[in-house]
Amino acid sequence: MSFLKKGSKSYSIFYLQCPRCQEESMFETGSWSFKKSFDMRERCSKCNLNYNPEPGYYYGAMFISYIWTAWFCLLFMGIFFWGLGFPQNTAWAMLITFMVVNFVYIFRISRLMWININVRFDPNAIQKYGPAH
Ligand SMILES: [Zn+2]
């Protein structure tokens, strides 16, 4: 399973790890704890990466979120309504429930997708930029 291996962008995105060192979550709380859901750390405590390089940095994450959730909804309906033959109302209700339950996680991985466009994984990030320096 190289898809979710450490060092890959998908690892950083789906586990919400710092895009540079992948040693720490960018968020303080769990995605389903529904506490401080939208509070992000300012910096990575391991490699010192600034998560907010400029004001409005995550504006673009909204567009990313919009694009991939639209595709996701289409796929979800495709599987349950057309593929498995669920009644349309049931399939919609399932989709909406799924989106509500996972709303925080969806918000977070969209931010991770965005920052991962600009920040590259560096296996030596902690030695190079860590707080010890
Ligand atoms: Zn880091």
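The legends below describe close-up views of a predicted model of the protein chain.

**View 1. The protein chain as a whole, an arrangement of helices without strands.** In this predicted model, the secondary structure of the protein chain amounts to 5 helices and 0 strands, and the order along the sequence is α-α-α-α-α. The C-alpha trace extends over about 60 × 30 × 25 Å along its principal axes. Of the 133 residues in the protein chain, 19% count as buried. Among contacts with a separation of 6 or more, 57% join residues that are 24 or more positions apart.

**View 2. The packing of helix α2 against helix α4.** Two packed helices are described by the angle between their axes and by the distance between those axes. Here α2, covering residues 59-83, and α4, covering residues 103-118, pack at an angle of about 115 degrees with their axes 8 Å apart, and the crossing of α2 past α4 is right-handed. On the α2 side the contact is made by G60, A61, I64, S65 and T69, which meet I106, S110, R111, M113 and W114 on the α4 side. By residue type, this contact divides into 5 nonpolar, 4 polar and 1 charged.

**View 3. Helix α4, with its buried residues.** Helix α4 has 16 residues, and the distance from its first C-alpha to its last is 24 Å, close to the 22 Å expected at 1.5 Å a residue. Within α4, the residues R108, I109, S110, R111, L112, M113, W114, I115 and N116 are buried. The buried residues of α4 pack against α1, which covers residues 9-14, and against α2.

**View 4. The largest nonpolar core, with C21 as one of its members.** In soluble globular proteins, nonpolar side chains tend to be buried together. The largest nonpolar core in this model has 15 residues, of which C18, C21, C44, C47, L112 and M113 touch the most other members. Helices α4 and α5, the latter covering residues 125-129, each supply at least two residues of this core, and α4 gives the most to the core, with 5 residues. If residues up to four places away in sequence are left out of the count, C21 touches C44, K46, C47, A125 and I126.

**View 5. K36 and N48, two residues with positive phi in the loop between α1 and α2.** K36 is found in the loop between α1 and α2, and its phi is near 45 degrees, a positive value in a residue other than glycine. K36 counts as exposed because it has 12 C-beta neighbours inside 10 Å, where exposed residues are those with 12 or fewer. N48 is likewise found in the loop between α1 and α2, and N48 has a positive phi of about 70 degrees although it is not a glycine. Because N48 has 18 C-beta neighbours inside 10 Å, N48 counts as partly exposed.

**View 6. Helix α2 and G85, the glycine just after it.** Helix α2 has 25 residues, which at 1.5 Å a residue should span 36 Å, and because its end C-alpha atoms are 35 Å apart, the span agrees with that expectation. Just after α2, G85 takes a positive phi of about 70 degrees.

Notes: Residues numbered from 1 in each chain as written. Predicted model: local features only at pLDDT ≥ 70, side-chain atom pairs only at ≥ 80, totals over all residues. Axes fitted to C-alpha atoms, helices over the stretch in contact; angles between N-to-C directions. Helix = DSSP H or I, 4+ residues; strand = E, 2+ residues; numbered from the N terminus. Left-handed = near helix turned anticlockwise from the far one by under 90°. Contact = placed C-beta atoms within 7 Å. Nonpolar A, V, L, I, M, F, W, Y, C, P; charged D, E, K, R; others polar. Core = buried A, V, L, I, M, F, W, Y, C linked by C-beta atoms within 7 Å. Buried ≥ 20, exposed ≤ 12 C-beta atoms within 10 Å, placed from the backbone. Expected span 1.5 Å × (residues − 1).
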